[in-house]
Amino acid sequence: MKFIEIPNNGSSWGGTLIYKIDTESAEATDVEVTITDEESGDTLGRKMLYGITQAETDIAPYLRKEINRTPYIPSRTGFVYAEGAVTVSVDAAGVKSEPRRVFRAAYDPSQAAMMTTQARQRIISAGETDAVTLYAEESLTAVVETCGEGQHHSREIYTLTDATPCDFFLRTEDLPSGTQRIAVTFYGDGSLLGTIEYTVVPATAEGRRVMWYNRMGGLECHTYPLCRPIEAEAQVAEAETTEGVTARLAGGSHRVRLTSAYQTRRQYDALHEVLFSPHVWTMTAEKTEPLRLLTRRADYPEPQQLACMELEAEIRWEGGVR
């Protein structure tokens with residue numbers, strides 16, 4: 001029994017992950033295949049291949065069923081391993097493949113990179129959190145510089161990566177009071193990856209911060225400053241009792257229209273990737289909530305034309321008597 005083909009490190013479980021097996025026997029036999037998470041030891045899937053001498057199997061559907069998509073947001077500014085990065089091995093009749101690191105999108109494991117498509121000059125409201133996904137084979141460093149009200153502060157945040165993509169979360173509530181500008185410079189394995197500069201503005205009651213995955217598998221965040229209610233819907237369950245009809249609120253939702261500020265074509269293109277992300281959330285300092293997009297269509301503006309991005313979405317209703 002041997003593996004004659006396995007995926008490369010950096011492959012995506014969003015596509016196919018093909019393992020080809022040769023039993024090294026002319027006689028057909030049944031082979032059980034087991035997929036294992038190398039870090040946790042958990043079994044991610046099992047499959048029986050009947051009457052084979054050679055066969056191939058795609059393990060990606062098993063990973064898509066088991067892997068958590070919701071990002072883990074730390075309580076402090078810093079790096080965390082990106083959700084969706086997993087090291088797997090496949091066992092076929094007692095023969096184990098080499099482990100492979102796979103991710104929500106394909107990446108080059110030999111090249112340190114920032115996995116963001118948005119502009120490097122950004123606006124962030126006080127109290128908000130921003131996220132950037134990065135990769136380096138050995139280590140990542142973020143130098144966070146803040147200034148405002150005549151003060152300048154700098155701190156360095158370092159993490160070992162173990163060849164795993166990482167999410168960096170910048171929490172403005174961790175920064176010195178009165179911060180007006182922020183610059184975060186990222187290094188991967190000692191090489192400069194880039195700098196993101198932020199202007200801090202007051203928070204607005206109408207704004208909604210949205211988070212999604214871009215085409216590189218990187219986290220993106222953006223605040224839509226206008227969130228206008230369009231429609232409300234409630235689901236009420238009624239039942240006949242000896243005392244008459246009783247009603248219980250089973251659920252409810254608000255339909256809203258999120259509108260961005262006017263953007264350059266480059267930033268507009270980055271924002272419209274939310275339409276292609278299967279997982280979208282609203283984001284506060286405390287938690288994330290799934291956001292169901294009701295429209296996944298946007299027109300392209302002319303290349304030199306400023307344009308705003310509009311999304312219609314459904315937000316689950318919370319509160320009240322049930």
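Buried means under 20% relative accessible area, exposed over 50%, and partly exposed in between. The structure used in these exercises is a predicted model.

**Exercise 1.** Decide whether Cys227 and Cys308 are buried, partly exposed or exposed.

*Solution.* Step 1: Cys227 has a relative accessible area of 14%. This value is under 20%, so Cys227 is buried. Step 2: Cys308 has 25% relative accessibility, so Cys308 counts as partly exposed.

**Exercise 2.** Find how many disulfides the model holds.

*Solution.* Step 1: a disulfide requires two cysteine sulfur atoms within 2.5 Å. Step 2: by this rule the count is zero. Step 3: for Cys227, the nearest cysteine sulfur is that of Cys308, 14 Å away, and Cys227 is in no disulfide.

**Exercise 3.** Describe the surroundings of Tyr19.

*Solution.* Step 1: Tyr19 lies in strand β3, residues 18-22. Step 2: its relative accessibility is 0%, so Tyr19 counts as buried. Step 3: leaving aside residues up to four places away in sequence, Tyr19 touches several residues, including Phe3, Ile59, Val88 and Arg100. Step 4: Phe3 is 16 residues from Tyr19 along the chain, and their C-alpha atoms are separated by 7.1 Å.

**Exercise 4.** Work out which strands stand at the edges of the open sheet β12-β18-β17-β14-β15.

*Solution.* Step 1: the sheet has five strands in that order, with mixed pairing. Step 2: β12 (121-125) and β15 (151-160) each have a single partner strand, so these two stand at the edges. Step 3: inside the sheet, β14 (residues 139-148) and β17 (residues 181-188) run antiparallel and are joined by eight bridges. Leu140 stands opposite Gly188 in β17.

Notes: Residues numbered from 1 in each chain as written. Predicted model: local features only at pLDDT ≥ 70, side-chain atom pairs only at ≥ 80, totals over all residues. Heavy atoms only, no water. Helix = DSSP H or I, 4+ residues; strand = E, 2+ residues; numbered from the N terminus. Buried < 20%, exposed > 50% of the residue type's maximum accessible area, 1.4 Å probe, protein only. Contact = heavy atoms within 4.5 Å. Pairing = 2+ DSSP bridges.
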